[in-house]
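This report describes selected features of one protein model with a ligand. It takes the strand pairing and then the ligand site.

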Amino acid sequence: MSLPRIYLSAPHMGDQEFHLLREAFESNWIAPLGPHVDAFEREVAEKVGAGGAVALSSGTAAIHLALRLLRVQPGDAIFCSSLTFVASANPILYESAEPVFIDSDEATWNMSPPALQIALDDAEKRGRLPKAVIVTNLYGHSADMDALQAICRRYEVPIIEDAAESLGATYKGKASGTLGRYGIYSFNGNKIITTSGGGMMVSEDVEGLKKARYLSTQAREPFPYYQHSEVGYNYRMSNLLAAVGRGQMRVLDERVRARRANFERYMSELSDIEGLRFMPEAPYGQSNRWLTTLTLDPARSRMSPLEIVKEMETQNIEVRPVWKPLHLQPLYAHARFYTHEASGSVSERLFNQGLCMPSGSSLTEEDLSRVIACFRKCV
Ligand SMILES: *Cc1c(COP(=O)(O)O)cnc(C)c1O
C-alpha cells in the first residue's frame, strides 16, 4: 500500500466556512453577488487597510481589470516580473498589449530595481514608456516596493501589485498588496487561503473600484433596461464562495503562522546541506512563506531539481520546480527581457536550481519528517 499523498499546498478549511456556506444556502443567496460578497469585500479591505475591495472570479480577472482601468490599448508596453506564474502576464495579451519582462534580484528573488531602471530608461529613449508595471510578490515575499515605486514615479508609471501569493505578508508594516495603484489577491485552491477559486482587487482608488465592479458585471449601465456601451466581463464572485472566503479570512493569521513554522522546520533540518540555500527574507517585511523554496548548487547535489521532483513523486510527495521565467516561455519568446546584471539572468539561475517544498498549513509533523527524510536521500 502506498503512503498517503503529501501535496505542495492543499486547501485548509477552518471551522466557520461550512457554517457560513450553509447560511448562504439557507438564505437562498446562490446567485453571484449577495450579502457574503459585500461582507467579504469589507473584511478583506479592513484586514489589509485598503480603501476598498472588489471580489472577483479569479486573481487573473483582477489583473485583467486593473489593465482595463489603466486604459491599456493594443500595442502598449506593459512591464512584468519574469519569475512568476503565467497568470501575471496573460491579461497583457488579452488586451493585445506588449509584455516586457524584468529579471529578479539576488537578495529577494523579486523584481530587480536596477533591471527596472534600465528597462524604463531604454523605454523612454525609444519613446515607449509602459502603461503599467506588474510586480509579483513571489512565493509570499514582498518585492522592494519603495525602491520600485521611486523608480516608477520618475516616469509616472503606475504599479499593479500581483499579491496573489502574498496575502498576509507585510512590507514595512503595511499589508502586501496595498502598495501599488491596484493590488490583486487570488483565492485559488493552492493559495494561502482559498474559496476554491476566486480573486480580489484592492485599491485606494474608490472610483476605479466602482468601474471594476461595473466591468465585472458585463458593463451594464444604470438604465431600467439592459444597456451597454463598452465590453464587459462576467468576473464577479459568487455569494457561496464569498461565504467560504469569509471563514478563511478568520484563520488567515493562523495560516501564516503555520506556513512560517513549516519554513522554520525545513530550515532547521536542511540548512546543514552543502550548497543548499533558502529563499531569503528581506529585513523590510515579513513573508507569509506561502511556499518554502530553496536552491541547490548543481556541483554539490547528487540529483538535479527535476530528478528530485521525480524521485519524491515515487514516494507520493509533491515537490515542484520554481516558476519557469516568462521570458523563457514559448508563448513569450518574442518579448524583451532586462536582466539584473550584465553577466546573466538571476531568474534563469533560480529556475535551474530551485525547488518548492510541500508547504500547506495542514501538514503534520510526520508529513514534514517524511518529506525531509526523502529529500535528504536525494541530495
Ligand atoms: C495564482 C496566481 C495568479 C492567478 O490567480 P488565479 O486566481 O488562479 O487566477 C496570478 N499571479 C500569481 C503570481 C499567482 O501565483
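## Sheets

The model is predicted. One of its open sheets has 4 strands in the order 10-12-15-13, and the pairing in this sheet is antiparallel. Its edges are formed by strand 10 (276-278) and strand 13 (320-321), each of which pairs on one side only. Strand 12 (residues 292-296) and strand 15 (residues 354-357) run antiparallel and are joined by 4 bridges. Within this pair, L294 of the chain stands opposite L355 in strand 15.

An open sheet of 3 strands is also present, with the order 7-6-11 and antiparallel pairing. Here the edge strands are strand 7 (174-175) and strand 11 (285-286), and each of them pairs on one side only. Strand 6 (residues 170-171) pairs with strand 11 over 2 bridges in the antiparallel sense. Y171 has G285 of strand 11 opposite it.

In general, the strands of a sheet pair through backbone hydrogen bonds, in either a parallel or an antiparallel sense.

## Ligand site

Where does the ligand sit? The ligand is found in the largest pocket. The number of residues that surround the ligand is 15, and the closest are T60, D162, E165, S186 and K191. By residue class, the shell around the ligand divides into 3 nonpolar, 9 polar and 3 charged residues.

Polar contacts of the ligand include those with G59, T60 and D162. The table gives the atoms and distances.

| Residue | Protein atom | Ligand atom | Distance |
|---|---|---|---|
| G59 | polar backbone atom | oxygen | 2.8 Å |
| T60 | N or O atom in the side chain | oxygen | 2.5 Å |
| D162 | polar side-chain atom | nitrogen | 2.7 Å |

How much of the ligand does the protein bury? Taken alone, the ligand exposes 380 Å², and 94% of that is buried by the protein.

T60 and D162 thus appear twice in this account: both are listed among the closest residues to the ligand, and the side chain of T60 contacts a ligand oxygen atom, while the side chain of D162 contacts a ligand nitrogen atom.

Terms used:
Residues numbered from 1 in each chain as written. Predicted model: local features only at pLDDT ≥ 70, side-chain atom pairs only at ≥ 80, totals over all residues. Heavy atoms only, no water. Pairing = 2+ DSSP bridges. Near = heavy atom within 4 Å. Polar contact = N/O pair within 3.5 Å; in protein donor to acceptor, adjacent residues only side chain to side chain. Areas by Shrake-Rupley, 256 points an atom, 1.4 Å probe, with all protein chains shown as cover. 1 Å grid on protein atoms, 1.4 Å probe; cavity = no way out; pocket = protein on both sides within 12 Å on 5 of 7 lines; lining within 4 Å. Sits in = over half its atoms within 2 Å of the grid points. Nonpolar A, V, L, I, M, F, W, Y, C, P; charged D, E, K, R; others polar.
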